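These are my notebook entries on a single chain. I record what I looked up, entry by entry.

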Amino acid sequence: MFKILIISLALCLVTVVLSAPVDHVTSTTQPPVAILESSNEKHEDGSYNFSYLSEDGTHRREEAVLRNPGTDNEYLEISGSYSYFDANGQEVTVTYKADDHGFVPEGGAILPQISVAAKQVSQLVAQPDLEYAKPPKP
């Protein structure tokens, strides 16, 4: 009986706390940034491209191309870039490539040693994973 009383009291306290009004601080929120231009294309083979430019100067573009279509080694080769302005007003631009060998970012805030290491790994000849079988295509 005592346990039921304690549990009931705890539930009442939780209900009271959760129903208390919340003081929202709005001074740190930023207004939304408008998109000035955008484009988006998708293709039946899975390839695509998109881009956008926002009013604060941020922009991004990306495209994907299907490689080795219809084979067991089919993949999307993706390349793109994005750009923004940092806290000091300097433009930061990053370019990247992703394919069946990995992801390679370069420029901007990416440390050069990370870009070099990613590029070296992506250039290695991949060894087949004998324990993994791709699921059958529908």
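**Entry 1: Glu77 and Arg67**

I began with Glu77, which is partly exposed at 22% relative accessibility. I note that the model is a predicted one. I looked for a charged partner of Glu77 and found a salt bridge with Arg67, in which the closest N and O atoms are 2.9 Å apart. Glu77 belongs to strand S4 and Arg67 to strand S3, so the salt bridge ties together parts that are 10 residues apart in sequence. I then checked the cover of Arg67 and obtained 32% relative accessibility, which counts as partly exposed.

**Entry 2: The pairing of S3 and S4**

Since the first pair spans two strands, I looked up how these are joined. Strand S3 covers residues 59-67 and strand S4 covers residues 75-85. I find them paired in the antiparallel sense, over 9 bridges. As one example of the register, I noted that Arg61 has Ser81 as its bridge partner in S4.

**Entry 3: The whole sheet**

I next asked in what order the strands lie. The sheet is open, has 6 strands and runs in the order S1-S2-S3-S4-S5-S6, with antiparallel pairing. Which strands stand at the edges? I find strand S1 (35-42) and strand S6 (102-106) there; each has a single partner strand, so one side of each is left without a neighbour in the sheet. For the twist from one strand to the next I noted an average of 10 degrees.

**Entry 4: The chain as a whole**

I counted the elements and recorded 2 helices and 6 strands. Along the sequence they follow the pattern α-β-β-β-β-β-β-α. The chain has 138 residues, of which 16% count as buried. For the accessible surface I noted about 11,200 Å², with 60% of this belonging to carbon and sulfur atoms. I also looked up the range of the contacts: among those with a separation of 6 or more, 16% are between residues 24 or more positions apart.

**Entry 5: Glu62 in strand S3**

I returned to strand S3 for Glu62, which lies in this strand. Is Glu62 buried or exposed? Its relative accessibility is 9%, so I list Glu62 as buried. What does the side chain of this residue meet? I find a salt bridge between the side chains of Glu62 and Arg60, at 2.7 Å from N to O. Arg60 itself is partly exposed, with 28% relative accessibility. The side chain of Glu62 also makes a polar contact of 2.5 Å with the side chain of Tyr96. Leaving aside residues up to four places away in sequence, I recorded that Glu62 touches Tyr48, Asn49, Phe50, Ile78, Ser79, Gly80 and Tyr96.

**Entry 6: Remaining salt bridges**

How many salt bridges does a search of the whole structure find? I recorded 4. Besides those already entered, I looked at the one in which the side chains of Lys119 and Glu106 meet, at 3.0 Å from N to O. This pair links distant parts of the chain, with Lys119 in helix H2 and Glu106 in strand S6, 13 residues apart. I checked the exposure of both partners. Lys119 has 35% relative accessibility and counts as partly exposed. Glu106 also counts as partly exposed, at 32%.

**Entry 7: Asn68 in the loop**

I then moved to the loop between S3 and S4, where Asn68 has its place. Its backbone drew my attention: Asn68 is not a glycine, yet its phi is positive, about 55 degrees. With 34% relative accessibility, Asn68 counts as partly exposed.

**Entry 8: Pro136**

My last look-up was Pro136, in the segment that follows helix H2 (112-123). I noted a relative accessible area of 74%, and Pro136 is therefore entered as exposed, the cut-off being over 50%. How far apart are Pro136 and Asp72 in space? The C-alpha to C-alpha distance is 9.9 Å, while the two residues are 64 residues apart in sequence.

Technical notes
Residues are numbered from 1 along each chain as its sequence is written. This is a predicted model: local features need pLDDT of at least 70, side-chain atom pairs count only at pLDDT 80 or more; totals for chains, interfaces and linings use all residues. Side-chain values use heavy atoms; hydrogens and water are left out. Two strands pair if DSSP finds at least two bridges between them. Helices (H or I, at least four residues) and strands (E, at least two) are DSSP runs, numbered from the N terminus. Axes are lines fitted to C-alpha atoms, for helices over the stretch in contact, and angles run from 0 to 180 degrees between N-to-C directions. Buried means under 20% relative accessible area, exposed over 50%, partly exposed in between (1.4 Å probe, protein chains only). Contact means heavy atoms within 4.5 Å. Accessible areas come from the Shrake-Rupley method with a 1.4 Å probe; for residues, only the protein chains shown count as cover. A polar contact is a pair of N or O atoms within 3.5 Å; within protein, one must be able to donate a hydrogen and the other to accept it, and residues adjacent in sequence count only if both atoms are side-chain atoms.
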